[in-house]
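Dear colleague,

Please find the structure we discussed below. I would be grateful if you could keep it open while reading the notes that come after it.

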Amino acid sequence: MPLVVLCGLPGSGKTRRAEELRAALVSEGEASEQRRVFVVSEGEGGKGEARSALRAEAERLLSRRDVVVVDAGCELKSFRYELFCLSKQARTPHCVLLCPGGAPRPDRPPLEEPDGQNRWDRPLFVAPAEPSEALPLPEIRAALFQRRPPAPNRSTRAEPLQDAAFLHRLDRLTQDVVGALMEAQRKGARPGEVVPLPGMAPQGWLLRRPLTLAELSRLRRQFLSYAKMHPGEGEGELPRLGSMFLQYLSQNLQ
């Protein structure tokens, strides 16, 4: 059954909204076959290790029967994209619920607000700012239970030639990023410096610590495995995926 991704700053009431959603969805189930709703929470600080553990737990629980609610900041669009990929892999619908309010914290990433134009952020719902107001439950239910599940992963079928070409270009793009980071270090770049990345958005990446080729290659393979869940979705995605690869590196190289 579906995946619900909560998103928002610390103190925005995500945990309260997750419980409200859990109670509402559980109460809908038949007495003899009550729907199970799992709430998966993130560890302290939103570090890469905590997000990895959350992602693994969500993947373990995702099925066509039960609902998984991710109670976490999900501030980074790259992480929301990863969760979207999990739902597509499980062939189950998903939606994003933005909780307004709260305040940034120095130990959390900055909030990259979801955009309903992005497929990994839609359908997008916004919780009422007033805690006493209820969530738009009818609309959320319709998004979760009345939409058709995603199409089977195209990687299980014969792919058009342009899909292979697109993946080749994405592979090359991520290789170029890794190569630029390693070359900058070879030339003396130190932590705290910005490594130029022409043609990317942003056009530089802050080097926080020394990096090894092994760890960069491992993260590149992981990122490509997510991207390959959606082959053939168009060249228009390439620039955004390049930017998301930089964000993926940032969140996993802390």
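The paragraphs below describe two helices and the enclosed cavities. Please bear in mind that this is a predicted model.

Helix 3 covers residues 77–89, a run of 13 residues. From its first C-alpha to its last it reaches 18 Å, close to the 18 Å expected at 1.5 Å a residue. Of these 13 residues, 11 are buried, so helix 3 is largely enclosed by the rest of the structure. The buried set includes the aromatic residues Phe79, Tyr81 and Phe84, and charged side chains also belong to it, namely Arg80, Glu82 and Lys88. Ser78, Leu83, Cys85, Leu86 and Ser87 complete the list. Just after helix 3, Arg91 adopts a positive phi of about 55°.

Helix 4 spans residues 137–145, and its buried residues are Leu137, Ile140, Ala143 and Leu144. Viewed down the axis of helix 4, these buried residues fall within an arc of 125°, so they line one face of the helix.

Turning to internal space, the model contains two cavities of 30 Å³ or more. The largest cavity holds about 40 Å³ of space. Its lining is formed by Glu42, Arg51, Ala72, Cys74, Glu75, Leu76, Phe79 and Arg108. By class, that lining has four nonpolar and four charged residues, with no polar ones. Phe79 thus appears in both parts of this account: it is one of the buried residues of helix 3, and it also lines the largest cavity.

With kind regards

Conventions:
Residues are numbered from 1 along each chain as its sequence is written. This is a predicted model: local features need pLDDT of at least 70, side-chain atom pairs count only at pLDDT 80 or more; totals for chains, interfaces and linings use all residues. Side-chain values use heavy atoms; hydrogens and water are left out. Helices (H or I, at least four residues) and strands (E, at least two) are DSSP runs, numbered from the N terminus. The expected span of a helix is 1.5 Å times one less than its number of residues. Buried means under 20% relative accessible area, exposed over 50%, partly exposed in between (1.4 Å probe, protein chains only). The arc is that of the directions from the helix axis to the C-beta atoms. On a 1 Å grid over the protein atoms alone, a cavity is a set of points where a 1.4 Å probe fits but cannot get out, and a pocket is an open set with protein on both sides within 12 Å along at least five of seven lines; lining residues have an atom within 4 Å of a point. Grid points are joined across faces, edges and corners, and a volume is the space filled by probe spheres set on the points. Ala, Val, Leu, Ile, Met, Phe, Trp, Tyr, Cys and Pro count as nonpolar, Asp, Glu, Lys and Arg as charged, and the others, Gly among them, as polar.
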